[in-house]
Amino acid sequence: MAIKVLRAAALAAAAVLVLGTGLAVGADTAADDAYAAGAPVPVTAGKAAPAKTVSPVGALFANGSHFCSASVVHSGTGDLVLTAAHCVQDGMAFAPGYHDGVAPLGMWPVTGITVADGWTSAADPDLDFAFLTVHQPGNPASLESLTGANALGVNRGFDHRITLSGYPDTADSPVVCDGTTTRSDTYQMQVACPGFPDGTSGGPWVTGGEVIGVIGGYQLGGDTPDVSYSAYFDDDIAKLYATATG
């Protein structure tokens, strides 16, 4: 699988085609599904960690408005965010824990974008996921050190009890739902959760401290706000993650 990596310098991106290698497998963490809704739960695997008071789930902004959702995913550098590939556009910034019109940690500009070439060339719904690198100028702390993160869950199967969350275009706080996922196609999952309209794309599907999907895929996440879809997280996203963190 070819992978498209967009690195932004002062938010001006240049495209480079690379081939991802290796397999990144999510590790269980101490976080539980409630963390997607902003519960202050430690997330470091195998060791004590301070409780986080800002959710790793947040809103993506461009041109002064939020338009998609995203979440912090664990990485060695602590600066990686996961969303849907169809959310990617120029001039993005991530606001973790955004609620009631307030960005408690401010805006984190996107400085790098990693998407699958199969998405950029053909909008393959089975590859509708993207990793964003973020950095807040003047802040020496990593984003993950402030919010915690969910691990990336790869090849976990199709049937799970998850917490789903995202930001509707017309709301300034996230909607959250607990639902059960099922298989909808060879590489697609679905979940019945009411009230997930436009803007919730990229919102994470979290179970056991791992993110195993994001709203996207079939019909760009679904043509009704009551049923959401996600591309299945298999070796394709594992290779993408290896490239984004390599």
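Contact here means that heavy atoms lie within 4.5 Å of each other. The structure is a predicted model, and L60 is a convenient place to enter it. Setting aside neighbours within four places in sequence, L60 is in contact with S65, H66, F67, C68, S69, A70, T83, C87, M92, A93, F94 and L132.

L60 also belongs to the largest nonpolar core, which has 40 residues. The residues with the most contacts inside this core are L60, L82, F129, F131 and L152. Several elements each supply at least two residues of the core: the strands β3 (57-62), β4 (65-72), β5 (80-83), β7 (108-116), β8 and β14 (210-214), together with α3 (235-245). A second core, of twelve residues, is separate and includes L164, C177, M189 and C193.

The helix α3 can be looked at more closely. Its buried residues include I237, A238, L240, Y241, A242, T243 and A244. In general, an α-helix has 3.6 residues a turn, so residues three or four places apart point the same way. At the N-terminal end of α3, D234 acts as a cap: one of its side-chain oxygens lies 3.1 Å from the backbone nitrogen of D236.

Two of the contacts of L60, C68 and C87, lead to the disulfides. A search of the whole structure finds two of them. In one, C68 and C87 are joined, with their sulfur atoms 2.1 Å apart. This link is left-handed, with -80° about the S-S bond. C68 lies in strand β4 and C87 in the loop between β5 and β6 (93-96), so the disulfide ties together parts that are 19 residues apart in sequence. C68 counts as buried because its relative accessible area is 5%, under the 20% limit. C87 is buried as well, with a relative accessible area of 2%.

The other disulfide joins C177 to C193, with an S to S distance of 2.1 Å. The link of C177 and C193 is also left-handed, with -80° about the S-S bond. C177 is in strand β11 (residues 175-185) and C193 is in the loop between β12 (188-192) and β13 (204-207), so that distant parts of the chain, 16 residues apart, are linked. Both C177 and C193 are buried, and both belong to the second core. When the bonded cysteines of the protein chain are numbered in sequence order, the pairing is 1-2, 3-4.

The last stop is the loop between β8 (130-134) and α2 (143-147), where Q136 lies. H135 is placed in this loop too. Is Q136 buried or exposed? Q136 counts as buried because its relative accessibility is 15%, and the limit is under 20%. H135, by contrast, is partly exposed, with a relative accessible area of 41%.

The side chain of Q136 makes two polar approaches to backbone oxygens. A polar atom of that side chain lies 2.8 Å from the backbone oxygen of L105, and the side chain reaches the backbone oxygen of M107 at 3.0 Å. Leaving aside neighbours within four places in sequence, Q136 is in contact with L105, G106, M107, W108 and P109. On the same count, H135 touches W108, P109 and T111. H135 and T111 are 24 residues apart along the chain, and their C-alpha atoms are separated by 6.7 Å.

Notes. Residues numbered from 1 in each chain as written. Predicted model: local features only at pLDDT ≥ 70, side-chain atom pairs only at ≥ 80, totals over all residues. Heavy atoms only, no water. Helix = DSSP H or I, 4+ residues; strand = E, 2+ residues; numbered from the N terminus. Buried < 20%, exposed > 50% of the residue type's maximum accessible area, 1.4 Å probe, protein only. Polar contact = N/O pair within 3.5 Å; in protein donor to acceptor, adjacent residues only side chain to side chain. Core = buried A, V, L, I, M, F, W, Y, C linked by side-chain atoms within 4.5 Å. Disulfide = S-S within 2.5 Å.
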